[in-house]
Amino acid sequence: MVELGAQLAGVELRNPLVLASGVLGVSAGTIERAAESGAGAVTLKSIGPKPRAGHPNPTVLEWGCGLINAVGLSNPGMEAGAREVEEAVRRVKVPVIASVFAGDAEGFAAVAETVAAAKPALLELNLSCPNVMGEHGVPFAYEPGSAAAVVGAVKARVRGIPLVAKLSPNTHLLSGVARAVEGAGADAINMGNTLGPGMIISLEARRPVLANKAGGVSGPAVRPVAVRCVWDVFEAVKIPIIGTGGVSSGRDALEFVMAGAACVGVGSAVAWGGPAVFRRIAGEMRAWMEANGVSSVKELVGAAHG
Amino acid sequence: MGKPRETVMARVLEVRAENPRVKTVYLDFAAKAAPGQFVMAWIPGEGEKPFSVSFCGGARIGLTVAAIGPFSRKLQELKPGGVLGIRGPFGKGFKLKEGKAAVVGGGCGSAPLGFLVEELRRAGSEVVFVNGAKTKSELLFAARANAAGARVIVCTDDGSEGRKGFATDALAELLESEKIDCVYTCGPEVMMKKVAGLCAQNCVDCQASLERFMKCGFGVCGQCAVDGMLVCRDGPVFPLSRLARLREFGSARRDACGSVDA
């Protein structure tokens with residue numbers, strides 16, 4: 001019998017698959033569906049201080065090897081967002097992760113405190129959105145000091161809910177950022193956000209297709225980069241990792257586990273397989289483990305590090 | 001992953017006025033679309049919005065668009081030889097059921113229904129098209145449905161053509177006097193909610209095409225959620241069995257922020 005159960009900062013998951021933030025998670029209803037479709041935990045879309053429409057369309061596009069998006073942190077603001085979290089916590093039968101963002105550390109702390117009152121199982125700090133640089137500057141997760149300042153500010157205001165720092169692959173200081181957020185009190189790391197930003201140009205229109213011109217790249221094309229990032233973070237810190245980036249099969253998920261991920265984020269794969277991808281990926285993980293005599297996924301965490 | 005659904009710049013072949021507010025833009029775009037499916041239409045520098053396919057065949061599609069805001073007005077101003085970015089078709093369209101059909105359209109919600117009537121007729125169904133609008137000049141595709149061999153019942157709120165009153169009143173009478181096997185509807189959600197209610201009361205099958213603010217169009221962003229259903233991927237056409245369980249059907253929708261307007 002194969003055990004897929006995972007643990008993340010004291011929270012028990014029936015399997016390691018986590019619906020990534022920004023995918024489906026606009027409402028309690030959609031993340032409930034992801035949970036019913038087999039996800040081990042589900043993350044809502046990032047909530048910020050104020051209602052925000054984000055970038056105009058086109059915002060999300062498919063391309064040859066994945067997706068590119070510049071949604072631009074659209075959200076209903078922290079009060080309405082907290083109500084959505086509350087409803088999700090009430091309805092969804094697996095752990096609910098609330099994601100938050102703001103333009104500065106104090107803003108983060110205020111949003112985190114408001115959202116924490118809705119009692120999500122975990123609170124994820126989106127330090128790494130690549131699509132709002134015009135407004136918010138370089139993402140916090142590009143640099144150890146800025147990342148740690150946000151985690152520290154939130155840690156001082158929120159008690160009793162584990163904090164997940166969502167990092168970015170787009171920094172040459174990744175190990176330092178990981179150590180900095182661990183030092184500032186993060187209970188886990190989500191590694192990580194979209195790659196890039198990238199750009200798609202329509203030859204016939206002679207223009208970038210995204211209204212924001214550039215956007216975060218996700219899907220199968222980014223997986224090798226994301227696996228290497230998880231590897232580096234695993235070497236740098238002791239706190240558990242959610243490995244996210246281009247997972248669309250059980251083998252992909254186990255690759256992240258062997259790189260050091262205790263849990264595995266799934267996002268873009270929903271574009272091709274629908275919410276049903278969770279059950280399929282979990283089944284494929286189980287089948288590989290059975291065929292290879294592995295009884296618990298926990299045995300494989302970091303296995304590739306030798 | 002399948003074949004990526006990238007944006008294709010399609011050439012405008014023809015623009016035809018359907019009524020004073022509504023035009024059909026015909027595009028050089030080969031696609032197999034079912035009535036009720038939609039495409040995302042991109043005007044560089046202006047934006048991107050979903051539109052149902054209103055004509056499809058012979059390597060071209062038509063999008064029938066009402067002039068509502070800046071984007072739809074720009075779309076209507078396209079000239080033959082111009083281009084429009086298209087990705088899709090997306091979503092699940094109407095499922096053609098055997099037997100006698102009633103097709104109920106309200107205002108520019110009739111956009112996909114002329115195409116549907118033609119397909120139902122091609123499949124051999126007897127069709128009654130209840131074409132409702134505020135006033136005579138806003139009727140859409142009544143002549144097209146008639147040409148396809150449907151019986152057309154025109155209803156206008158102001159009585160300027162056909163019977164005075166709502167399409168739902170005409171449907172209620174129809175369901176009492178004739179045996180209808182399936183009702184297909186597209187239009188204002190308050191109308192469709194009423195249509196679904198009438199169908200449920202009369203034990204008649206029903207399919208309704210919903211509309212929500214969309215971003216991706218292929219079921220990943222979650223923006224167009226109605227309860228747990230994604231209008232872009234699970235819909236836009238939903239059967240009565242599903243509609244009856246959607247709490248937000250006819251009562252709530254989300255804006256670009258994701259805020260619920262109940």
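## Exercises on a predicted two-chain model

Chain B and chain A bury about 3000 Å² between them, with 59% of that on carbon and sulfur atoms. The model is predicted. The exercises start from this interface and then move into the chains.

### Exercise 1: the interface

Task: Describe the contact between chain B and chain A by residues, polar pairs and salt bridges.

Solution.
- Step 1. Count the residues. 36 residues of chain B are in contact with 44 residues of chain A.
- Step 2. Add the area. The size of an interface is often given as the accessible area lost when the parts come together. Here the figure is about 3000 Å².
- Step 3. Count the polar pairs. There are 13 residue pairs in polar contact between chain B and chain A, with both residues at pLDDT 80 or more.
- Step 4. Find the elements. On the side of chain B that touches chain A, strand 4 (47-57) and strand 14 (229-230) of chain B are the elements that give two or more residues.
- Step 5. Sort that side of chain B by residue class. It holds 16 nonpolar, 9 polar and 11 charged residues.
- Step 6. Look for salt bridges. The rule finds 4 across the interface.

### Exercise 2: one salt bridge across, one within

Task: Test the pairs B:R247 with A:E87 and A:R52 with A:E135 against the salt-bridge rule.

Solution.
- Step 1. Recall the cut-off: a side-chain nitrogen of Lys or Arg within 4 Å of a carboxyl oxygen of Asp or Glu.
- Step 2. Take B:R247 and A:E87. Their closest N and O atoms are 3.8 Å apart, and the pair forms a salt bridge.
- Step 3. Take A:R52 and A:E135. Here the closest N and O atoms are 2.9 Å apart, again a salt bridge.
- Step 4. Place the second pair. A:R52 sits in strand 5 (residues 51-52) of chain A and A:E135 in helix 4 (residues 133-136) of chain A. The two are 83 residues apart, so the pair links distant parts of the chain.
- Step 5. Set both in context. Over all chains the rule gives 29 salt bridges.

### Exercise 3: the barrel of chain A

Task: In what order do the 8 strands of the chain A barrel close, and in which sense do they pair?

Solution.
- Step 1. Read the order: 3-4-9-10-11-12-17-18, with parallel pairing.
- Step 2. Get the twist. It averages 25° from one strand to the next.
- Step 3. Zoom in on one pair. Strand 12 (residues 188-191) and strand 17 (residues 241-244) of chain A pair in the parallel sense over 3 bridges. A:M191 has A:G243 in strand 17 as its bridge partner.
- Step 4. Add helices. Helix 6 (residues 174-183) of chain A lies across strand 11 (163-167) and strand 12, at about 165° to strand 11. Helix 8 (residues 250-259) of chain A lies across strand 3 (17-19), strand 17 and strand 18 (263-266), at about 135° to strand 18.

### Exercise 4: the open sheet of chain A

Task: Which strands are the edges of the open sheet in chain A?

Solution.
- Step 1. Write the order of the 4 strands: 6-7-16-13, with antiparallel pairing.
- Step 2. Pick the edges. Strand 6 (60-63) and strand 13 of chain A each pair on one side only.
- Step 3. Get the twist. The average is 40° from one strand to the next.
- Step 4. Follow strand 13 inward. It pairs with strand 16 (residues 214-218) of chain A in the antiparallel sense over 3 bridges. A:M199 has A:A214 in strand 16 as its bridge partner.

### Exercise 5: unusual backbone

Task: Where are the cis peptide bonds before A:P197 and B:P89, and where does A:L24 lie?

Solution.
- Step 1. Set the baseline. Most residues other than glycine have a negative phi, and most peptide bonds are trans.
- Step 2. Check chain A. A cis peptide bond joins A:G196 and A:P197, with omega about 0°. A:P197 lies in strand 13 (residues 195-199) of chain A.
- Step 3. Check chain B. B:G88 and B:P89 are joined by a cis peptide bond, omega about 0°. B:P89 is in strand 6 (residues 83-90) of chain B.
- Step 4. Check phi. A:L24 is not a glycine, yet its phi is positive, about 65°. A:L24 lies in the loop between strand 3 and helix 1 (28-36) of chain A.

Notes. Residues are numbered from 1 along each chain as its sequence is written. Chains are lettered from A and ligands numbered from 1 in the order in which they are written. This is a predicted model: local features need pLDDT of at least 70, side-chain atom pairs count only at pLDDT 80 or more; totals for chains, interfaces and linings use all residues. Side-chain values use heavy atoms; hydrogens and water are left out. Contact means heavy atoms within 4.5 Å. Buried area is the accessible area (1.4 Å probe) that two parts lose on being put together, summed over both. A polar contact is a pair of N or O atoms within 3.5 Å; within protein, one must be able to donate a hydrogen and the other to accept it, and residues adjacent in sequence count only if both atoms are side-chain atoms. Ala, Val, Leu, Ile, Met, Phe, Trp, Tyr, Cys and Pro count as nonpolar, Asp, Glu, Lys and Arg as charged, and the others, Gly among them, as polar. Two strands pair if DSSP finds at least two bridges between them. Axes are lines fitted to C-alpha atoms, for helices over the stretch in contact, and angles run from 0 to 180 degrees between N-to-C directions.
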